[in-house]
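Colleague: Got a minute to walk me through this model? Put it up and start with the ligand.
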Amino acid sequence: MKRLDDFRLKMGRHELVPIVIGGMGVDISSTDLALEAARLGGIGHISDAMVNTLTDRRYKTKYTKAKQAQFQYNVASEDKSDVKFNLEHLAEATRLHVEKTMARKQGNGLIFINCMEKLTMNGPKETLSVRMNAALDAGIDGITLAAGLHLGSLALIAEHPRFREAKLGIIVSSLRALQLFLKKNSRLNRLPDYVVIEGPLAGGHLGFGMDWAEYDLEKIVTEIHQYLLTEKLDIPLIAAGGIFTGSDAVRFLELGASAVQVATRFTVTRECGLPDDIKQEYFKASEADIEVNEISPTGYPMRMIKASPGIGDGIRPNCEAYGYLLDANGKCAYITSYNREVAAHPGERRVSVGDKTCLCTHMRNFDIWTCGQLTWRLKDTTHRNPDGSYQLLSAEHVFKDYQFSTDNQVKLPEPELAVSA
Ligand SMILES: Cc1cc2nc3c(=O)[nH]c(=O)nc-3n(C[C@H](O)[C@H](O)[C@H](O)COP(=O)(O)O)c2cc1C
């Protein structure tokens, strides 16, 4: 019986353990988590979602405060088109985040950054360009293009000296999306170094509609694998979404994938950026506690724990401080929903907004608990403490469980000894 460790992911001159820890914004796939993946010989991701806010919290910069002060005059206005990001600050924040991560890297693995196109930041092209170029400047090993078709993204870094050396990949959920990407980028004469195929059971935003349950990751991987063989394109495929055990992972490698991308099992590790009390919510969740809904203003369905405090919350839009989801015209679907509710409930101090959420504020505050479909199985991956809480895991433990387990087994950690008085 094969183990994941019997395979290697070849990427250029690198031979890697075929385990990728997926990007999880905002700072859920933290520097510490990504570093562990790299130290153990796999690939870790940081994320550049809300990077100014992230560096303010981690490294005491003041970018958010400065932006809030600059646009304070606009807080009561419905029109957010003025609220632009300072591109210099955005570049500095991205470089800081990447440099601080790469400076601590050990081992033979790699660290990539997850770059979501849907973070349109009231200036989609220029802000994405700054984020990607700054990450390359700061020495990131690779960029994973996420949450969008990215038809023009590679062109934004084509002049960067590291364009042909850094690893560049894209996340797709269908053959069609991959074909569009390849066609659009063919004139750059540079294939992606890897393609992540994310199926319907993943966490975060989904590349499917609300009919996600009708899709099957194995089918999509097989279809894309066949297509690449026919076209004689040698691009490693990385399967993602609902891969819970080492045996699940082996199944995908035997289907033609070169690695797996996993995330949910790492949400309950000590290195993960979620606060510890929220990690307990992930452990506790049952299958009935998880839903896919349409409250994200991005327009993509998103999976989350139903008890997330951000669901239904009617906070005033915080675009002057954040504004990461403002589109090219300074609009966000949450602003429209919020204003509708305010108009319908005159005089009320706090309204409730059911159809959309202020994703910036709530992801920043860890109040939207996005998760993979198999989150309900996390409770079976650890021990229960005497006080009823679940024992947190180390990223190394989970990584090695994927790497070495067989027979659909999940290895439990060493129980933590009770501290005697
Ligand atoms: C908490 C959480 C946050 C996520 N955030 C992002 C994100 O910001 N960008 C992205 O491309 N994928 C995101 N994902 C998807 C993961 O990177 C990964 O592809 C997927 O969840 C793998 O499936 P699994 O969670 O079942 O292992 C997120 C997943 C989780 C669980």
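Modeller: Strand 5 (110–116) and strand 11 (259–262) each supply at least two residues of the shell around the ligand. Helices (H or I, at least four residues) and strands (E, at least two) are DSSP runs, numbered from the N terminus. This is a predicted model: local features need pLDDT of at least 70, side-chain atom pairs count only at pLDDT 80 or more, and totals for chains, interfaces and linings use all residues. Residues are numbered from 1 along each chain as its sequence is written.

Colleague: How many residues surround the ligand, and which are the closest?
Modeller: 30 surround the ligand, each with its backbone-placed C-beta atom within 6 Å of the ligand. The closest are Gly22, Ala146, Gly203, Gly204 and Gly372.

Colleague: What about the shell by class?
Modeller: The shell has 15 nonpolar, 14 polar and 1 charged residues. Ala, Val, Leu, Ile, Met, Phe, Trp, Tyr, Cys and Pro count as nonpolar, Asp, Glu, Lys and Arg as charged, and the others, Gly among them, as polar.

Colleague: Switching to sheets. What is the order in the open one?
Modeller: 9-13-12, three strands with antiparallel pairing. Pairing takes at least two DSSP bridges between two strands.

Colleague: Which are the edge strands?
Modeller: Strand 9 (204–205) and strand 12 (290–293), each pairing on one side only.

Colleague: How many bridges join strand 12 to strand 13?
Modeller: 4, and strand 13 covers residues 302–305. Val292 stands opposite Arg303 in strand 13.

Terms used: Contact = placed C-beta atoms within 7 Å.
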